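This briefing goes through one structure by topic, from model confidence to individual side chains. Please keep the sequence and the coordinates at hand while reading.

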Amino acid sequence: MKFKNFRYPKAILVFILFVFGNLVISFVIQLLFALEIISYHDLKLFLSLTFVLPILLIHWLFRFEVIYPKFETNLGFYFLTLILALSIQFLATALEIMSFSFIPERFHEYYYHLKEFLFPKDEKDLWLSLFTIGFVAPISEEYFFRGIILSNLVKYHSPSFSNILQALLFGFAHLNPFQVLYAFPIGILFGYLYLKTKNLWIPMVLHIFVNSISLIFSFVEFPSFLGDYLEPFVDPNAKKENLPFEVLLLSTLILIYSLYAIPRKYPKKD
């Protein structure tokens, strides 16, 4: 079967299939861990299957056209996306921290449990997490949300509507209110960059950097001269009053500049 008319109801159906597959595979993997059939490190590695297998199944069912990313060899591109990824990480964490003031307390315990599970506990865990969460998950999610959903939606809907819808689905895919709050604007940004450049590699690299930075920040100890600026962004008990205004302001300016600079430097090619 192949979707020739990919309007928003079909995008939502495909999204539901992806989330359902993700949850089923995740449940099986965690059950194997609970039964002590696999180790904790195996669990972290096998979590990559929760992204890859549902997308392969969806691709096989609906025969979507494959959109191959165009690799950039310019080192300046990777420097710019790394700086932008740092800015996104700071702003996203700030949104996450501020959300504590209006998200009901019954969700707070889940937030801390999720952080404890995702953050690496030793060096081997860090490398496995970088592979699963820092590499496989970003590539899979960009291929699915921007490469499949957005690129097909925009053929039948306006770019603005298509981008907002795929970003909403991307946010809800994270399955908790704290991540939805920042995943939605990040999804808008990634979708905007894809639409402006038609190069899936750009949001893929940016997504890889954002996820990897989060993992590395949670594991390393910062030098004393950076501690006051960076510690609030990795402390799960940080308050919004602790967030350094200078870092947030600089991150916002970098984000605004990137919205102009990246599409200009890497315009889409027919």
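Helices, as the term is used here, are DSSP runs of H or I that span at least four residues, and they are numbered from the N terminus. With that numbering, Lys198 sits in the loop between α8 (177-197) and α9 (201-219). The model is a predicted one, and the mean pLDDT of its chain is 88, with 93% of the residues reaching 70 or more.

**Confidence along the chain**

- Among the elements of the chain, the highest mean pLDDT, 96, belongs to helix α7 (residues 159-172), whereas the lowest, 63, belongs to helix α10 (residues 224-230).

**Loop residues with positive phi**

- Lys198, in the loop between α8 and α9, has a positive phi of about 55° although this residue is not a glycine.
- The relative accessibility of Lys198 is 31%, and Lys198 therefore counts as partly exposed, a class that lies between the limits of under 20% for buried and over 50% for exposed.
- Glu36, which is not a glycine either, has a positive phi of about 60°, and its place is the loop between α1 and α2 (40-46).
- Because its relative accessibility is 72%, Glu36 counts as exposed.

**A nonpolar patch on the surface**

- Phe20, Val24, Phe27, Val28, Leu31, Leu35 and Ile37 together make a nonpolar surface patch of about 700 Å².
- One of these patch residues, Val24, belongs to helix α1 (residues 8-34), and its relative accessible area of 38% makes Val24 partly exposed.
- Leu35, also one of the patch residues, has its C-alpha atom 33 Å from that of His207, the two residues being 172 residues apart along the chain.

**Salt bridges**

- How many salt bridges does a search of the whole structure find? The search finds two, and each is described below.
- Lys44 and Asp125 form a salt bridge in which the closest N and O atoms are 2.9 Å apart. This pair links distant parts of the chain, since Lys44 lies in helix α2 and Asp125 in helix α6, with their positions 81 residues apart in sequence.
- Both partners fall under the 20% limit for burial: Lys44 counts as buried because its relative accessibility is 1%, and Asp125 counts as buried because its relative accessibility is 0%.
- Arg146 and Glu142 meet through their side chains in a salt bridge with an N to O distance of 2.6 Å. Both residues lie in helix α6, where they are four residues apart, about one turn of the helix.
- Arg146, at 0% relative accessibility, counts as buried, and Glu142 is likewise buried, with a relative accessible area of 0%.

**His207 and its surroundings**

- His207 is part of helix α9, and with a relative accessible area of 4% this histidine is buried.
- Which residues are in contact with His207, leaving aside its neighbours within four places in sequence? They are Pro138, Glu141, Glu142, Arg146, Phe170 and Phe190, and among them are Glu142 and Arg146, whose side chains meet in a salt bridge.
- The side chain of His207 also makes a polar contact, at 3.3 Å, with the side chain of Glu141.

**Ser48 and Ala137**

- Ser48 is located in the loop between α2 and α3 (49-62), and because its relative accessibility is 9%, Ser48 counts as buried.
- A polar atom of the Ser48 side chain lies 2.8 Å from the backbone oxygen of Leu45.
- Apart from neighbours within four places in sequence, Ser48 is in contact with Phe131, Thr132 and Val136.
- Thr132, one of the contacts of Ser48, is also touched by Ala137, which touches Phe51 as well when residues up to four places away in sequence are not counted.
- Ala137 lies in helix α6 (residues 123-153), and its relative accessible area of 3% makes Ala137 buried.
- Measuring from C-alpha to C-alpha, Ala137 and Ile88 are 17 Å apart in space, and in sequence they are 49 residues apart.

Methods: Residues are numbered from 1 along each chain as its sequence is written. This is a predicted model: local features need pLDDT of at least 70, side-chain atom pairs count only at pLDDT 80 or more; totals for chains, interfaces and linings use all residues. Side-chain values use heavy atoms; hydrogens and water are left out. Patches are made of residues with over 30% relative accessible area and no salt bridge: like charges are joined within 9 Å, nonpolar side chains (Val, Leu, Ile, Met, Phe, Trp, Tyr) within 5 Å. Accessible areas come from the Shrake-Rupley method with a 1.4 Å probe; for residues, only the protein chains shown count as cover. A salt bridge is a side-chain nitrogen of Lys or Arg within 4 Å of a carboxyl oxygen of Asp or Glu. Helices (H or I, at least four residues) and strands (E, at least two) are DSSP runs, numbered from the N terminus. Buried means under 20% relative accessible area, exposed over 50%, partly exposed in between (1.4 Å probe, protein chains only). Contact means heavy atoms within 4.5 Å. pLDDT is the predictor's confidence in each residue, from 0 to 100. A polar contact is a pair of N or O atoms within 3.5 Å; within protein, one must be able to donate a hydrogen and the other to accept it, and residues adjacent in sequence count only if both atoms are side-chain atoms.
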